[in-house]
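Work through these exercises with the model open beside you. Try each task before you read its solution.

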Amino acid sequence: MELSRYSVIEDKNPREIVLLRGRGCAWKRCRFCDYHLDASLDEQDNLALNREALSHVTGQYHRLEVINSGSFAELHPSTLLEIDRVCQERNIQDLHVESHWLFRKTLPGLREHFDAMGIRLHVKIGVETFDAVYREQVLDKGIDETDPAVIAAPFDDCCLLFGLSGQSVESMKRDVETGLAHFHRVCINIMVPNTTSVQPDLAVREAFVREIYPLYKDNPRVDILLENTDFGVGEKL
Ligand code: SF4
């Protein structure tokens, strides 16, 4: 699979974004996910690929998002040094990364590390929904906590996943409002067909586009990805 690994997001919260590769997601159980397949245990190979992606960063917005089909903590220290170097050389002031709930205890140290460099760290967690029963029994997300405030405490931003059977206009709206109440920013992903057995529910997707999208499309705290390549990284179309 050929992947685009660098892009620039021009609209809300303008930033550059790179898709790096690490040792792979430690969880790998989310039933809707196949992008954890973008992984390798070959550190040198990962480093070469990550260097290439990072070489495109210009610092034009002083804001960089680093994602890696898993958690930031799964990137090798050699890649982390490259990220530090590029952030300093390109005058990055805000760095956005992602982390699974499993790695929440790594985040205070990471914040201190970037703080010492004068960089604000923004950590996003994939919550997908605040309906804990659906999230754990249907999606197998691996968050053993039901209280949104407790989930949000170590993090800054969250991802939600819509377009799934069993969701409704009411449940999606409730999820967005809960996300906005507890997190700085909410990123909504819409389920697209992939190699897993979870398929998009077209009626739910249509309901989202008709009734939820108009409510939040101009909200500066909400990103909406109708296709999972809307940020310009990921599978080449
Ligand atoms: S934690 Fe992220 S990368 Fe890992 S299986 Fe779940 S969605 Fe996929």
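**Exercise 1. Find the buried residues of α1 and say how they are placed around the axis.**

Step 1. Pick out the buried residues of α1: they are Asn46, Asn50, Ala53 and Leu54.
Step 2. Look down the axis: these residues cover an arc of only 90°, so they lie on the same side of α1.
Step 3. Turn to the face directed away from that buried side. It carries the exposed residues Gln44, Asp45, Ala48 and Glu52.
Step 4. Ask what the buried residues pack against. Their partners are β2 (6-9), β3 (15-19) and α2.
Keep in mind that this is a predicted model.

**Exercise 2. Check the span of α1 against the value expected at 1.5 Å a residue.**

Step 1. Count the residues: α1 has twelve.
Step 2. At 1.5 Å a residue, the helix should span 16 Å.
Step 3. Compare the end C-alpha atoms. They are 16 Å apart, so the two values agree.

**Exercise 3. Decide how well α3 is covered.**

Step 1. Locate the helix: α3 takes in residues 107-116.
Step 2. Count the buried residues among its ten residues. The count is zero, and α3 is hardly covered.
Step 3. Move just past α3. There Gly118 has a positive phi of about 75°.

**Exercise 4. Place His62 and Asn91, and classify each as exposed or partly exposed.**

Step 1. His62 sits in the loop between α1 (43-54) and β4 (63-67). Its phi is positive, near 60°, though His62 is not a glycine.
Step 2. Within 10 Å, His62 has 15 other C-beta atoms, so this residue is partly exposed.
Step 3. Asn91 belongs to the loop between α2 (77-89) and β5 (94-98). Asn91 is not a glycine either, yet its phi is positive, about 55°.
Step 4. Asn91 has 12 C-beta neighbours inside 10 Å, so Asn91 counts as exposed.

**Exercise 5. Name the residues with the most contacts inside the largest nonpolar core.**

Step 1. Start with the total: this core has 51 residues.
Step 2. Val18, Val66, Leu160 and Phe162 have the most contacts inside it.
Step 3. Follow Leu160, leaving aside neighbours within four places in sequence. Its contacts include Val127, Thr129, Val176, Val186 and Ile188.
Step 4. Add the background: in soluble globular proteins, nonpolar side chains tend to be buried together.

**Exercise 6. Describe the shell around the ligand by class.**

Step 1. List the surroundings. Among them are Cys25, Cys30, Cys33, His36 and His100.
Step 2. Sort the shell: five residues are nonpolar, five polar and two charged.

Note on methods. Residues are numbered from 1 along each chain as its sequence is written. This is a predicted model: local features need pLDDT of at least 70, side-chain atom pairs count only at pLDDT 80 or more; totals for chains, interfaces and linings use all residues. A residue is near a molecule or strand if its C-beta atom, placed from the backbone, lies within 6 Å of it. Ala, Val, Leu, Ile, Met, Phe, Trp, Tyr, Cys and Pro count as nonpolar, Asp, Glu, Lys and Arg as charged, and the others, Gly among them, as polar. Helices (H or I, at least four residues) and strands (E, at least two) are DSSP runs, numbered from the N terminus. A residue is buried if 20 or more other C-beta atoms lie within 10 Å of its own, exposed if 12 or fewer, and partly exposed in between; C-beta atoms are placed from the backbone. The expected span of a helix is 1.5 Å times one less than its number of residues. The arc is that of the directions from the helix axis to the C-beta atoms. Two residues are in contact if their C-beta atoms, placed from the backbone, lie within 7 Å. A nonpolar core is a set of buried Ala, Val, Leu, Ile, Met, Phe, Trp, Tyr and Cys residues joined through C-beta atoms within 7 Å.
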